Amino acid sequence: MRYHTPESFEDASSIAAAASGTTRFLAGGTDVLVQLRSELVEPDDLIDIKNIPGVHDIARSDDGGWRIGAAVSGAQMMAHAELKADWPGVVEATDLIGSTQVQSRCTMVGNLCNGSPAADSVPAMIAAGAVANVVGPNGARDIPVEDVPIGPGKLSLEKGEVVTAISIGARPKHSGDAYLRFIPRTEMDIAVVGCGVCLTRDGDKITAARVSLGAVAPTALLVKKAADAIIGTALDDAALEALASAASAACNPIDDKRGTVKFRIHVAGVLARRAAKIAYERAAK
Ligand SMILES: Cc1cc2nc3c(=O)[nH]c(=O)nc-3n(C[C@H](O)[C@H](O)[C@H](O)COP(=O)(O)OP(=O)(O)OC[C@H]3O[C@@H](n4cnc5c(N)ncnc54)[C@H](O)[C@@H]3O)c2cc1C
């Protein structure tokens with residue numbers, strides 16, 4: 001195995017583009033190192049991105065939004081009061097990943113690029129309209145987070161492409177986001193269902209919304225019909241009912257020991273209601 005420590009994303013991309021065997025990037029390593037030790041993956045090239053300047057930074061972007069470097073840990077995000085005030089759902093979703101030890105290493109980029117349909121931060125990022133900033137052999141591009149995973153463990157990234165950061169826009173006035181997941185235990189478990197909601201209010205009325213579900217399909221879903229069910233409403237009982245039905249209808253889950261298809265479909269509706277209520281309250285401030 002060749003271990004690389006490039007000092008720029010362009011170099012990281014060139015190494016990945018020229019590699020012929022199995023390649024992995026190393027951000028926090030909380031997926032990659034576990035896979036290595038259990039012999040699930042044996043990379044020929046392991047490209048550690050942590051020496052690249054800016055990769056550990058949480059910075060305001062010119063539009064008032066945020067640029068979160070590819071090696072920023074969940075713990076760093078939780079400690080960042082301003083980011084947490086703007087996007088509590090995204091930060092809380094990342095904070096659900098693993099234990100205190102895992103928190104000090106795990107990143108949103110690794111969570112996204114591992115390609116798990118149950119990744120906790122992904123529905124929250126999708127609801128918030130986040131984009132992955134990518135550098136590759138053909139230059140830089142931005143990909144909406146919902147377009148990055150294309151199946152379990154599969155990404156839309158091309159050979160040699162590396163994610164440099166996650167960008168989230170400025171939170172619109174009177175907006176709020178929230179993420180909830182269901183797990184059989186109280187922590188340290190994989191989401192049976194996850195749901196992220198972000199919405200904007202004008203008085204009591206919802207003027208914009210995004211709803212995303214995790215762990216109920218081969219990739220996290222952006223569910224437009226669920227958002228449409230609450231836009232133009234004051235999140236009354238009828239709107240919540242329509243939201244829950246649309247969320248449940250979007251599910252195409254697996255049946256396994258953590259939850260049956262029927263259970264996951266039901267819980268998707270329950271979590272969508274609860275997350276929407278939290279986002280609605282947050283948007284009032
Ligand atoms: C004990 C334990 C508990 C966990 N609990 C949870 C949980 O509750 N919820 C959850 O969602 N996950 C959980 N995980 C999984 C893991 O911690 C997360 O997926 C984490 O966010 C991965 O981030 P990382 O930085 O460690 O990724 P890494 O392991 O460094 O990388 C993961 C993948 O992303 C790719 N990658 C990394 N950086 C880049 C880049 N810049 N560009 C392109 N590809 C890149 C790598 O090639 C690799 O395939 C848990 C893991 C452990 C060990």
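**Close-up views of a two-domain predicted model**

**View 1. An open sheet of 4 strands, in the order 11-12-13-14, is built with antiparallel pairing.** In this sheet of the predicted model, strand 11 (175-182) and strand 14 (221-222) occupy the edges, and each has a single partner strand, so one side of each is left without a neighbour in the sheet. The pairing of strand 13 (residues 205-214) with strand 14 is antiparallel and extends over 2 bridges. Within strand 14, Leu221 serves as the bridge partner of Leu213.

**View 2. Helix 5 lies across strand 11 and strand 12 (193-202).** The helix runs at about 25° to strand 11. Helix 5, which spans residues 88-95, is mostly covered, with 7 of its 8 residues buried. The buried residues of helix 5 are Pro88, Gly89, Val90, Val91, Glu92, Ala93 and Thr94.

**View 3. The protein is divided into domain 1 (2-116 + 131-168) and domain 2 (175-283).** The centres of domain 1 and domain 2, taken over C-alpha atoms, are separated by 25 Å. Across the boundary, 14 residues of domain 1 are in contact with 13 residues of domain 2. On the side of domain 1 that touches domain 2, the elements that give two or more residues are helix 5 and strand 8 (149-151), and helix 5 gives the most, with 5 residues. The residues on this side of domain 1 divide into 8 nonpolar, 4 polar and 2 charged.

**View 4. The ligand is surrounded by 30 residues, of which the closest are Gly28, Thr30, Gly110, Asn111 and Cys113.** Several elements, namely strand 2 (23-26), helix 2 (32-37), helix 7 (108-113) and strand 10 (162-168), each supply at least two residues of the shell around the ligand. Helix 7 gives the most to this shell, with 4 residues. By residue class, the shell around the ligand divides into 17 nonpolar, 9 polar and 4 charged residues.

**View 5. Helix 5 is shown again in its setting between the parts, as a mostly covered element that gives the most residues to the side of domain 1 that touches domain 2.** Val90, Val91 and Glu92 are among the buried residues of this helix, and the helix lies across strand 11 and strand 12, of which strand 11 stands at an edge of the open sheet and has a single partner strand.

Definitions and conventions:
Residues numbered from 1 in each chain as written. Predicted model: local features only at pLDDT ≥ 70, side-chain atom pairs only at ≥ 80, totals over all residues. Buried ≥ 20, exposed ≤ 12 C-beta atoms within 10 Å, placed from the backbone. Near = placed C-beta within 6 Å. Nonpolar A, V, L, I, M, F, W, Y, C, P; charged D, E, K, R; others polar. Domains from an automatic or database assignment. Contact = placed C-beta atoms within 7 Å. Pairing = 2+ DSSP bridges. Axes fitted to C-alpha atoms, helices over the stretch in contact; angles between N-to-C directions.
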